[in-house]
Amino acid sequence: MNTTNTIISVLSDKNIIGVMSSSISIMILGFYLGKSNKLKSSFSIPLGEIILTISIPALSFNAFMKDFDKETFVNGINILIWSFLIHLFLMAIGNIFYKNLDLEKQLTLKIMSVFGGITVLESQ
């Protein structure tokens, strides 16, 4: 299957369109509520706690409630192996790119390079 057919099949999938539209709607609503000061910044801490204690476990539970067959198992093993190899590669690249920096900055940048979802606030 070529790239064009893949893109067309993804964009015509009703489940993906539903997830994308609901995500975009939630982002627009959050942006509007934040800009209009209807959602105070002090609300972000309880909202984060709700997400961490309810939403993420519910999504994880839902993800595990799928049929399990040999193809799913093989795909999971392939993803595990590839992600392990990619993380090793990123660690090696981090050692090369950041070797001239002091130890604290090296460690921070290596972690941020390997685990891209991590953000670090630098204190002044």
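**Charges, overall build and a nonpolar patch**

The protein carries 9 positive and 8 negative side chains, and the centres of these two sets sit 8 Å apart. Keep in mind that what is shown here is a predicted model.

As for the overall build, the protein has five helices and zero strands. Walking along the sequence, the pattern reads α-α-α-α-α. The radius of gyration is 20 Å, well over the 14 Å that the globule rule gives for 124 residues, so the protein is more spread out than a compact globule. Along the principal axes, the C-alpha trace spans about 50 × 50 × 30 Å.

What about burial? Just 3% of the 124 residues count as buried. The accessible surface of the protein adds up to about 11200 Å², and 70% of that belongs to carbon and sulfur atoms.

Part of the surface is taken up by a nonpolar patch. Its members are Phe68, Phe73, Val74, Ile77, Leu80, Ile81, Trp82, Phe84, Leu85, Ile86, Leu88 and Met91, and together they have about 1200 Å² of accessible area. One of these patch residues, Leu88, can be picked out for a quick look. Leu88 belongs to helix H4, which covers residues 70-97. Is Leu88 buried, partly exposed or exposed? Its relative accessibility is 41%. Buried would need a value under 20% and exposed one over 50%, so Leu88 counts as partly exposed.

How values were computed: Residues numbered from 1 in each chain as written. Predicted model: local features only at pLDDT ≥ 70, side-chain atom pairs only at ≥ 80, totals over all residues. Heavy atoms only, no water. Helix = DSSP H or I, 4+ residues; strand = E, 2+ residues; numbered from the N terminus. Rg over C-alpha atoms; globule rule 2.2 N^0.38 Å. Buried < 20%, exposed > 50% of the residue type's maximum accessible area, 1.4 Å probe, protein only. Areas by Shrake-Rupley, 256 points an atom, 1.4 Å probe, with all protein chains shown as cover. Lys, Arg positive; Asp, Glu negative; His and termini not counted. Charge placed at Lys NZ, Arg CZ, Asp CG, Glu CD. Patch = residues over 30% accessible without salt bridge, like charges linked within 9 Å, V, L, I, M, F, W, Y side chains within 5 Å. Salt bridge = Lys/Arg side-chain N within 4 Å of Asp/Glu carboxyl O.
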